Amino acid sequence: MAKSQSDFSQLKDFLLYLASVKGDLSNITAPPFVLSPRSVTEIPASWAERHDLFLQPGRENDPARRALLILKNFLCSLKRQVYAAAASDEDEGDGDGGAKKPLNAFLGELFLGSFDGNDGSTTRLICEQVSHHPPVTACVLYNKTHGISSSGYVAQETTLSPTAGVRVRQIGHVIIRDEVHRESHLMTLPTLAIKGLLTGRPYPELEGTCYISSSSGYIATIDFQGKSALGGGAKNSVYAEVSNIRDRGKLVFEVSGQWNGRLTVIDSTNGRKLDDFHVDDVPITNLRTKSLGEQSPWESRRAWNKVVEGISAGDTGTISDAKNAIENAQRDMRAAERMAGIEWPRLFFQNSDDGSQEFALLAKAIPDEANKDLDQDRTCGVWKFIGVDPAEALLSDGVYHRSLEPTGQVENG
């Protein structure tokens, strides 16, 4: 009880501090009990954790059902994206202990791994922090055997208001490509809100409307709703529709329920229930990563290892010392780059000056004008993957940034 009261007191002090900060809060350091022991660069791995589901569109002949599978994978990925704590006995039955703030990634941070399929195929994961101010994470997942890939980037803008709480606006998009059917699917991103802060039991809600626009002529419209300020509604509620743009917007499928719980799929052409499932029942494939000793100093889990140890122990001093070692070195690097008139070299993603023609074509079907804007000023550009062959050459070498470490030291050996 004493620890809980101490945590709540720290949280109140932290919220008062946040309320005094003007502008974006994304790079603010939170108290240890609010921190997640993982970096923001790890979050995109959830896009392919339901690995068989991630690959299924390439094996589906019907374009409407492919659009539904893309939607299903997106909805099933959300819980592990936004919930970061272990289960507790006081979680109102949702199986989660609350919302945690991921660690702020440093410029150049990498998260690398792979998912192994039951058929022997491999889906490669590459995430890179391509900007620190504002924070922008770029990611690609690709499976060469099945011709499925997912690439995108997201910037986060975090604000606090007395009425809405903490809101994290996700600026960016994802494009899923299905080479077997020569299709692509543009996915926009919802806003994340952290509720329950004043009660000391924060939990996430997703807000607003996002879309998945498919080159096959189908579009998914996803509306997120949650518990209202007056207590009405259910937490983490979602309603989605898949419609056929080429058939005057004819409704094809509907999905409703909770994105961290049970979802029901209806065939809107005949009213029949196609599926009813809990997201936890969709199998998860564990991500395979190198051991800490084998990882590059630029990889998330090795870079933040001491911070994670401090979070686990609730040791503010360890957290502060380990974070400062990286963050101070990063500031020194940026200062040296400014003096030399050079820009930090990104490894796996390049900034495109000419925008994205693919984005523009797919975005035409989206009815919301705000979701058609790339917002390049807020994402420091348009970030594109360098390609499979150049990326695998870099991965094979395994030495990044000429043996320089995030702390400014030169790696031995």
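Visitor: Which helix gives the largest share of the lining of the second largest pocket?

Guide: Let's start with the general idea. Rolling a probe the size of a water molecule over the atoms shows where empty space is left. In this predicted model, helix H6 contributes six residues to the lining of the second largest pocket, the largest share. H6 spans 316-340, and strand S4 (122-131) also supplies at least two lining residues.

Visitor: How much space lies in the second largest pocket, and which residues are closest to its centre?

Guide: The space comes to about 570 Å³. Of the 24 lining residues, Leu107, His132, His133, Gln330 and Arg334 are the closest to the centre. By character, the lining divides into nine nonpolar, eight polar and seven charged residues.

Visitor: Arg334 caught my eye. Which residue forms a salt bridge with Arg334?

Guide: That is Glu337, with the closest N and O atoms 2.8 Å apart. The two residues sit in helix H6, three residues apart, about one turn of the helix. Both Glu337 and Arg334 are buried. Elsewhere, Glu157, Arg169, Asp375 and Arg378 are joined into one network by salt bridges that share partners.

Visitor: How many salt bridges does a search of the whole structure find?

Guide: The search finds 19. One of the salt bridges pairs Lys144 with Glu392, at 3.3 Å between the closest N and O atoms. This pair links distant parts of the chain, 248 residues apart: Lys144 is in the loop between strands S5 and S6, and Glu392 is in helix H9.

Visitor: Why does Lys144 count as exposed?

Guide: Exposed means over 50% relative accessible area. Lys144 counts as exposed because its relative accessibility is 55%. Glu392, at 24%, is partly exposed. For another pair, take Arg59 and Asp52, whose side chains meet in a salt bridge at 2.9 Å, N to O. Arg59 is partly exposed at 45% relative accessibility, and Asp52 is partly exposed at 43%.

Visitor: Now for the interior. Which residues have the most contacts inside the largest nonpolar core?

Guide: Again, the general idea comes before the case. In soluble globular proteins, nonpolar side chains tend to be buried together. Here the largest nonpolar core has 54 residues, and Leu71, Phe74, Leu75, Ile222 and Phe224 have the most contacts inside it. Helix H3 (residues 63-82) gives the most to this core, eleven residues. Another core lies apart from it, with 42 residues, including Leu35, Leu110, Ala322 and Ile326.

Visitor: What does Leu75 touch, not counting residues up to four places away in sequence?

Guide: On that basis, Leu75 touches Ile222, Val238, Val255, Trp259 and Leu263.

How values were computed:
Residues are numbered from 1 along each chain as its sequence is written. This is a predicted model: local features need pLDDT of at least 70, side-chain atom pairs count only at pLDDT 80 or more; totals for chains, interfaces and linings use all residues. Side-chain values use heavy atoms; hydrogens and water are left out. On a 1 Å grid over the protein atoms alone, a cavity is a set of points where a 1.4 Å probe fits but cannot get out, and a pocket is an open set with protein on both sides within 12 Å along at least five of seven lines; lining residues have an atom within 4 Å of a point. Grid points are joined across faces, edges and corners, and a volume is the space filled by probe spheres set on the points. Helices (H or I, at least four residues) and strands (E, at least two) are DSSP runs, numbered from the N terminus. Ala, Val, Leu, Ile, Met, Phe, Trp, Tyr, Cys and Pro count as nonpolar, Asp, Glu, Lys and Arg as charged, and the others, Gly among them, as polar. A nonpolar core is a set of buried Ala, Val, Leu, Ile, Met, Phe, Trp, Tyr and Cys residues joined through side-chain atoms within 4.5 Å. Buried means under 20% relative accessible area, exposed over 50%, partly exposed in between (1.4 Å probe, protein chains only). Contact means heavy atoms within 4.5 Å. A salt bridge is a side-chain nitrogen of Lys or Arg within 4 Å of a carboxyl oxygen of Asp or Glu.
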